[in-house]
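Reader: I am new to this structure and would like to learn how to read it. Could you walk me through it, please?

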Amino acid sequence: MFGLFKKKEKKHVLGAVAKGKAVPLSAVNDPTFSQAILGEGAAVIPAEGKVYAPVDGKVEMVFETLHALSITADFGAEVLVHVGLDTVQMKGDGFEAHVAAGDQVKKGDLLLTVDLDKVKAAGYDTVIPVIICNTSDYGKVELTGAGEVANGDDFITVTEK
């Protein structure tokens, strides 16, 4: 009876952005991500160079260097997908965008392709952090399940306040 008036938590599940191994942000070898300075989220250590949309939403920005982009999810989350660490230094070499700012995307749409061998040869980490930049707007942001994932597998759960 006492549970009758309890508000049910509304949750949104983001899909994995790449095939690979899902890890918590704390495992990312960069304090900006591992200490959640930009927001909470999770990361994928990619097994292949295709990066997919984790949510339905609108592409807000594709960085000129093609190493990152942001999407505003249909439910309001501001999602940053950042391919590799310090890959901005590559100035787009080895990266190809398949979307542009203003595009509407569906979960699972191809966003970027990246030559992972080229990134590694340049000495950069290929990990892909996925950050909810407006974390404070939500009750909880957490890795849904660590381990091997394929594009679109449940990856990050965002719980409304």
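Author: Gladly! This is a predicted model. A good place to begin is burial: 45% of the chain's 161 residues count as buried, where buried means under 20% relative accessible area.

Reader: And what does the chain expose?

Author: About 8100 Å² is exposed, and carbon and sulfur atoms supply 50% of that area.

Reader: How many helices and strands should I look for?

Author: You will find 2 helices and 14 strands in the chain. With a radius of gyration of 16 Å, close to the 15 Å that the globule rule gives for 161 residues, the chain is as compact as a globular protein of that length. Along its principal axes, the C-alpha trace spans about 60 × 30 × 25 Å.

Reader: What share of the contacts joins residues at least 24 apart?

Author: Take the contacts between residues at least 6 apart in sequence: 70% of them join residues at least 24 apart.

Reader: How do I read a sheet?

Author: Here is the general idea: strands of a sheet pair through backbone hydrogen bonds, and the pairing is either parallel or antiparallel. In this model, one open sheet has 3 strands in the order β4-β10-β8, paired antiparallel. Its edge strands, β4 (50-52) and β8 (95-97), each pair on one side only. On average, neighbouring strands of this sheet are turned by 20° against each other, direction ignored.

Reader: Which strand do the bridges join to β8?

Author: That is β10, residues 110-114: 3 bridges join β8 to β10, and the two run antiparallel. To see the pairing residue by residue, find Ala 97, which stands opposite Leu 112 in β10.

Note on methods. Residues are numbered from 1 along each chain as its sequence is written. This is a predicted model: local features need pLDDT of at least 70, side-chain atom pairs count only at pLDDT 80 or more; totals for chains, interfaces and linings use all residues. Side-chain values use heavy atoms; hydrogens and water are left out. Two strands pair if DSSP finds at least two bridges between them. Helices (H or I, at least four residues) and strands (E, at least two) are DSSP runs, numbered from the N terminus. Axes are lines fitted to C-alpha atoms, for helices over the stretch in contact, and angles run from 0 to 180 degrees between N-to-C directions. The radius of gyration is taken over C-alpha atoms; the globule rule is 2.2 Å times the number of residues to the power 0.38. Buried means under 20% relative accessible area, exposed over 50%, partly exposed in between (1.4 Å probe, protein chains only). Contact means heavy atoms within 4.5 Å. Accessible areas come from the Shrake-Rupley method with a 1.4 Å probe; for residues, only the protein chains shown count as cover.
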